[in-house]
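Reader: I'd like a close look at one buried cysteine and the strands around it, and then a walk outwards from there. Keep it informal, but give me the residues and the numbers.

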Amino acid sequence: MQPDTRYARSGDLHIAYQVFGAGSVDLVLVPGFISNLEETWDNPSAARWLQRLGRFARVIAFDKRGTGLSDRVGSAPSLDERMDDARAVMDAAHSERAVLLGISEGGSLAALFAASHPDRCASLILYGAFARFASWYATEEKLAAFYRYVGEKWGTGESVWKYAPSKVDDPGFKKIWARHERVGATPAAAIALMRMNQEIDISGVLSAIRVPTLVIHRTDDIAVSVEGGRFLAQHIPQARLAEFPGADHLPYIGENTDDITDEIEEFVTGSRHVVEADRILTTVMLTDIVDSTKRASELGDRRWRALLDQHDDLVRQEITRLRGREVKGLGDGVLATFDGPARGVRCAAAIVQGVRSLDLQIRCGLHTGEIELNGQDIAGIAVHIAARIAAQAQGGQVLVSSTVRDLVAGSGLRFVDEGARSLKGIPDEVRVFSVAG
């Protein structure tokens, strides 16, 4: 559940913040370039990462002035003013001393805060961060390209290649990233913030940081060069550098997200919660547009993309309405989970009905079983069974396993027995049922 958003007073401004988690250590999360507290929880990958942090810490997150839900400002804020905001949020959250976790551009603020207020900073974690702006935009040409992007394409999510390259072919995530841009800052605010960021160079204060420091960086980070992280680790006294493979800049995206979070947890608490994989019982739903390749060929790329966007909006609305969790887009379908099988079945039925208005047909498959939570993705035999059942469905049909049918007894849902099926890769036959209209 998303935590409440509150406001701390910093001078004449109001700074939006949230507090969540049950750990004994306070962890202040200093965001990167732009953020929006409430939008972050709508991003399944980011929400899961925040929940993981909340398992071992009392997390205090905020939107910097000029971004997200915090007050807008007439001119670009300085690092000093942003430090005032961090301190105001800590005061409002009744946090005397905390670990600061600075993400990307927020790392410069967190490092300066640690050097200036060691009485309030117990230790420091810098992820994907830098001391000098050149680690982010190394040349005038690259910076000029950024300003052109803001002027012409801000809010389209086209910048996903730079911050989450592993998601560049995921239209669902690109849509999430597009909204992140729009609600994080207006184009004018983004330009003003970047002009302030051009002045960042905290290299001269790094030697004054006296708190325990962990620097985390992905070796092939496209957005911020790993040399920026190495510079921080070399110049902060006794800082430890932890490098991880990968090109993604966002801490909640990438195959080794859990490894990175383990590193943070161990640094904060002195130990890490080691599990091979989190396993839970859930209902898995897969959807697939019938004859998608043929329709795409008939419509052409532009019209097909517009139709897919409408389809995605409808699917996400139904998943949200019925309290499901979108795991990922599948190009012409979606993978989602539900903690209640009846809600999953109703969601599938609503999607099948809803896409008819778009002149589309989809097929859906559902199965309830144990899954493994691997990073942002899910795995396990339950996922395979749901996928195989979906592949057996006809256009406009929702097929479920006998497990789902048995678990929704008394819900009022009606089913037709479609018989036992041999599913590829599944040793035993599975009896499937179609959802009656």
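**A buried cysteine and beyond**

Author: Start with Cys364, which is buried at 0% relative accessibility. Keep in mind that what you're looking at is a predicted model. A cysteine tucked away like that invites the question of how many disulfides there are, and a search of the whole structure turns up 0. Cys364 has no such bond, and the nearest cysteine sulfur, on Cys347, sits 8.0 Å away. With a disulfide needing two sulfur atoms within 2.5 Å, that 8.0 Å gap rules the pair out. Cys121 is another buried cysteine, also with a relative accessible area of 0%.

Now the strands. Across from Cys364 you'll find Val398 of β14. That position belongs to the pairing of β12 (residues 362–374) with β14 (residues 398–401), a parallel arrangement held by 3 bridges. β12 also has β13 (residues 377–379) as a partner, and here the two run antiparallel, again with 3 bridges. In that pairing, Glu372 faces Ala379 of β13.

Just beyond β12, before β13 begins, comes Gln376, and this residue leads us to a helix. Gln376 is one of the contacts of Ser45, along with Tyr252 and Ile253, once sequence neighbours within four places are set aside. Ser45 itself sits in helix α2 (residues 44–56) and is buried, at 8% relative accessible area.

Next, go back along the chain to a hairpin. β10 (residues 325–329) and β11 pair antiparallel over 4 bridges, with Lys328 opposite Leu335 of β11. There are 3 residues between the two strands, and Gly331 in this hairpin has a positive phi near 85 degrees. β11 (residues 333–338) is largely enclosed by the rest of the structure, because 6 of its 6 residues are buried. You can see this on both faces: Gly333, Leu335 and Thr337 are buried on one side, and Val334, Ala336 and Phe338 on the other.

Shortly after the end of β11, things open up. Asp339 and Arg343 meet in a salt bridge, 2.1 Å from N to O. Asp339 is exposed at 61% relative accessible area, while Arg343 is partly exposed at 23%. Elsewhere, salt bridges with shared partners bring Arg48, Arg52, Asp258, Asp262 and Glu265 into one network. Arg48 and Arg52 fall within the residue range of α2, the helix of Ser45.

For another well-covered element, look at helix α9 (residues 226–235), where the buried residues are Val226, Gly228, Gly229, Phe231, Leu232 and Ala233. Their cover includes β6 (121–127), β7 and β8 (240–244), and the range of β6 starts at 121, the position of our second cysteine. Zoom in on Gly229 in this helix: its relative accessible area is 0%, so Gly229 counts as buried. Away from its close sequence neighbours, Gly229 touches Ala129, Val215, His217 and Leu241.

The helix has a less covered side of the story too. Arg230 makes a salt bridge with Glu243, with the closest N and O atoms 2.7 Å apart. That links α9 to β8 across 13 residues of sequence. Both ends are partly exposed, Arg230 at 25% and Glu243 at 31%.

In total the structure has 29 salt bridges. One of them joins Lys175 to Asp313, with 2.2 Å between the closest N and O atoms. Lys175 is in helix α7 (residues 171–184) and Asp313 in helix α12 (residues 301–321), so this pair ties together parts 138 residues apart in sequence. Lys175 is partly exposed at 25%, and so is Asp313, at 35%.

Finally, the surface. Trp161, Val168 and Ile222 make up a nonpolar patch of about 280 Å². Trp161 is in helix α6 (residues 160–163) and is partly exposed, with 47% relative accessibility. Ala208, in the loop between α8 (187–197) and β7 (213–218), is partly exposed as well, at 39%. From Ala208 to Gln198 is 10 residues along the chain and 22 Å between C-alpha atoms.

Methods. Residues numbered from 1 in each chain as written. Predicted model: local features only at pLDDT ≥ 70, side-chain atom pairs only at ≥ 80, totals over all residues. Heavy atoms only, no water. Buried < 20%, exposed > 50% of the residue type's maximum accessible area, 1.4 Å probe, protein only. Contact = heavy atoms within 4.5 Å. Pairing = 2+ DSSP bridges. Patch = residues over 30% accessible without salt bridge, like charges linked within 9 Å, V, L, I, M, F, W, Y side chains within 5 Å. Areas by Shrake-Rupley, 256 points an atom, 1.4 Å probe, with all protein chains shown as cover. Salt bridge = Lys/Arg side-chain N within 4 Å of Asp/Glu carboxyl O.
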